[in-house]
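Me: I am new to this structure. Please take me through one part of it closely, then show me what lies around that part.

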Amino acid sequence: KLQFLYFIEFITMKMLAMLCLVGAASALVPATLIEWQGCPDCTKYGDGLVTEGLNKKLGPLMNLTVLYIDGHHPGVKADPMFSPFAACAQYVRATDVNYKWYAVLACANPGKTIEECEISTGFNPTQSAMIKQCTSNTTLSSKLVSQMHTKASSMANDFPWAIVAGKTMPEPDTHNDNIKPFIDAVCENAPKSAAAATPACH
C-alpha cells in the first residue's frame with residue numbers, strides 16, 4: 001500500500017511538472033521568419049534580429065520558427081549545409097532559448113559557411129554536436145529540409161517575411177528591413193513582467 005502511495009505521488013509530480021512546461025510554452029509569443037538563403041534583405045533583417053533582439057535577451061520571450069525556401073540568391077555563395085543546419089537546429093533546439101543557432105545562420109547568409117560562422121559566433125560545441133548528429137543522418141535531415149522548404153514556400157513569396165502573434169509585420173524590404181516592428185510585437189505580446197525585464201524591449 002505504501003509503495004502504491006509513493007507511485008501515485010510520483011505520477012502526480014510528473015503531471016504537475018508537465019503542466020508547468022505547457023504553461024510556460026503557452027506564454028511564449030509565436031514568431032515566424034521566412035527567408036531565402038543569400039537574400040541581401042534577409043541578411044540585413046537577420047543581423048538586426050541578432051544584434052537588437054537576440055543579443056538583448058529577446059529569445060526567451062518567443063517561440064521562434066525560421067523557415068527557408070529552396071535555393072539561394074544568385075551571385076551569393078551558398079553553403080550546401082545551410083538548409084540542413086537550419087532544419088536540424090530547430091529539430092534539436094530544446095535547450096537553446098536564446099536561438100544561438102540563428103546567429104550562425106544570420107552570419108552565414110551573405111555567403112559564409114556554417115562551419116566558419118559557428119566559430120565566429122562562438123556557437124556552443126554541445127549544440128553543434130547535436131545538430132551534426134542530425135545533419136549526418138541524411139534520411140532524417142533530407143526529410144526535415146524538404147518539410148521546411150515546402151512550408152516556407154506555402155507561406156510567402158517575398159523575403160524576408162515575418163509573422164508575430166498571428167500578425168504579419170510590415171514588409172521588411174519596403175521598410176528598410178527595419179527589425180523594430182518585429183521586436184516591438186514580441187515585447188507587446190509577452191507577459192508584462194517578462195518584457196519589463198528584457199533589454200530588447202527598452
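**Strands, core and a helix with two sides**

Reply: Four bridges join strand S1 (residues 29-37) to strand S3 (residues 161-164). The two strands run antiparallel. This is a predicted model. Leu 33 stands opposite Ala 162 in S3.

S3 has a further partner, strand S4 (residues 167-168), joined to S3 by two bridges. S3 and S4 also run antiparallel. Ile 163 has Thr 168 in S4 as its bridge partner. A hairpin is formed by S3 and S4, with two residues between them. Ala 165 sits in the turn and has a positive phi of about 55 degrees.

Next comes the core. The largest nonpolar core has 57 residues. Met 62, Tyr 102 and Phe 182 have the most contacts inside it. Helix H4 (residues 100-108) gives the largest share of this core, eight residues. Tyr 102 leads back to the strands, since Leu 33 is among the residues it touches. Tyr 102 also touches Glu 35, Gly 46, Leu 49, Val 50, Leu 54, Val 66 and Tyr 68. That list leaves out residues up to four places away in sequence.

Now the close look: helix H6 (residues 125-135). Which residues of H6 are buried? They are Gln 127, Ser 128, Ile 131, Cys 134 and Thr 135. Seen down the axis of H6, these buried residues fall within an arc of 120 degrees, so they line one face of the helix. What covers them includes helix H3 (82-91), H4, H5 and helix H7 (138-155). H4 is thus on both lists: it covers buried residues of H6, and it gives the largest share of the core.

The other side of H6 reads differently. The face turned away from the buried side carries the exposed residues Pro 125, Thr 126 and Gln 133. Thr 126 also figures at the start of H6. There, a side-chain oxygen of Asn 124 reaches to within 2.7 Å of the backbone nitrogen of Thr 126.

H6 also takes part in a salt bridge. Lys 132 pairs with Glu 118, and their closest N and O atoms are 3.3 Å apart. This pair links distant parts of the chain. Lys 132 is in H6, Glu 118 is in helix H5 (residues 114-120), and the two are 14 residues apart. Are the two ends buried or partly exposed? Lys 132 counts as partly exposed, because its relative accessibility is 45%. Glu 118 counts as buried, because its relative accessibility is 12% and buried means under 20%.

Side chains of opposite charge can pair when their charged atoms come close. How many salt bridges does the structure hold? It holds three. Beyond the pair in H5 and H6, Glu 52 forms one with Lys 56, where the closest N and O atoms are 3.0 Å apart. Glu 52 is partly exposed at 37% relative accessibility. Lys 56 is partly exposed too, with a relative accessible area of 33%.

Lys 180 forms a salt bridge with Asp 184. Their closest N and O atoms are 2.7 Å apart. Both residues lie in helix H8 (residues 180-189). They are four residues apart, about one turn of the helix. Lys 180 counts as partly exposed at 49% relative accessibility. Asp 184 is partly exposed, with a relative accessible area of 27%.

Definitions and conventions. Residues are numbered from 1 along each chain as its sequence is written. This is a predicted model: local features need pLDDT of at least 70, side-chain atom pairs count only at pLDDT 80 or more; totals for chains, interfaces and linings use all residues. Side-chain values use heavy atoms; hydrogens and water are left out. Two strands pair if DSSP finds at least two bridges between them. A nonpolar core is a set of buried Ala, Val, Leu, Ile, Met, Phe, Trp, Tyr and Cys residues joined through side-chain atoms within 4.5 Å. Buried means under 20% relative accessible area, exposed over 50%, partly exposed in between (1.4 Å probe, protein chains only). Contact means heavy atoms within 4.5 Å. A salt bridge is a side-chain nitrogen of Lys or Arg within 4 Å of a carboxyl oxygen of Asp or Glu. The arc is that of the directions from the helix axis to the C-beta atoms. A polar contact is a pair of N or O atoms within 3.5 Å; within protein, one must be able to donate a hydrogen and the other to accept it, and residues adjacent in sequence count only if both atoms are side-chain atoms.
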